[in-house]
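Let's take a walk through this one together. Have the fold in view and keep a finger on the loops as we go.

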Amino acid sequence: MVLRSDRIPAAGRDDLLVKRIAAAPGAPVPPRAGGPGTVPDDHFVVLGDNPALSTDSRMWGPVPAESVVGVMIGRVARGGHRGP
């Protein structure tokens with residue numbers, strides 16, 4: 001999903017971020033994201049693809065649904081062709 005970092009407490013910057021949804025509202029918080037617990041209503045647990053360098057719900061906790069500005073379903077390679 002695409003997130004606005006300025007709507008995530010503790011994220012700080014004013015950037016767009018792309019993260020994977022690890023858990024939706026009401027689901028258990030995954031152990032790698034700080035579980036146990038349940039994701040609160042109107043929040044998501046998100047994780048980056050590179051745990052060694054990524055900032056995500058492991059640092060911020062669950063992110064508010066209001067920080068979501070879009071959903072990424074693929075990527076466009078340079079030159080306008082769809083990537084793999």
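Start with R7, which sits in the loop between β1 and β2. Keep in mind that this is a predicted model. Is R7 buried, exposed or something in between? Its relative accessibility is 33%, and since partly exposed covers the range between 20% and 50%, R7 counts as partly exposed.

Now look at what R7 touches. Setting aside residues up to four places away in sequence, R7 is in contact with P64, E66, S67 and V69. Take S67 from that list: R7 and S67 are 60 residues apart in sequence, yet their C-alpha atoms are 5.0 Å apart in space.

Stay in this loop and slide along to A11, which also lies between β1 (2–4) and β2 (16–18). Which residues does A11 meet once its neighbours within four places in sequence are left aside? The answer is S5 and W60. A11 can be placed against T55 as well: the two are 44 residues apart in sequence and 8.2 Å apart, C-alpha to C-alpha.

Next, the strands on either side of the loop. β1 and β2 run antiparallel and are joined by 3 bridges. One pairing to pick out is V2, whose bridge partner in β2 is V18. As a reminder, strands of a sheet pair through backbone hydrogen bonds, either parallel or antiparallel.

Zoom out a little and this pair turns out to belong to an open sheet of 3 strands, in the order β2-β1-β6 and with antiparallel pairing. The edge strands are β2 and β6 (68–70), each of which pairs on one side only. On average, neighbouring strands in this sheet are turned by 40° against each other, direction ignored. V69, one of the contacts of R7, falls within the 68–70 span of β6.

Finally, the chain as a whole. There are 1 helix and 6 strands, and along the sequence they follow the pattern β-β-β-β-α-β-β. The C-alpha atoms fill a box of roughly 45 × 25 × 25 Å along the principal axes. Of the 84 residues, 31% are buried. Among contacts with a separation of 6 or more, 37% link residues 24 or more positions apart.

As for the surface, the chain exposes about 5600 Å², with carbon and sulfur atoms supplying 55% of that. It carries 10 positive and 8 negative charges, and the mean positions of the two sets are 11 Å apart.

Notes
Residues are numbered from 1 along each chain as its sequence is written. This is a predicted model: local features need pLDDT of at least 70, side-chain atom pairs count only at pLDDT 80 or more; totals for chains, interfaces and linings use all residues. Side-chain values use heavy atoms; hydrogens and water are left out. Helices (H or I, at least four residues) and strands (E, at least two) are DSSP runs, numbered from the N terminus. Contact means heavy atoms within 4.5 Å. Buried means under 20% relative accessible area, exposed over 50%, partly exposed in between (1.4 Å probe, protein chains only). Two strands pair if DSSP finds at least two bridges between them. Axes are lines fitted to C-alpha atoms, for helices over the stretch in contact, and angles run from 0 to 180 degrees between N-to-C directions. Accessible areas come from the Shrake-Rupley method with a 1.4 Å probe; for residues, only the protein chains shown count as cover. Lys and Arg count as positive and Asp and Glu as negative; His and the chain ends are not counted. The place of a charge is taken as NZ of Lys, CZ of Arg, CG of Asp or CD of Glu.
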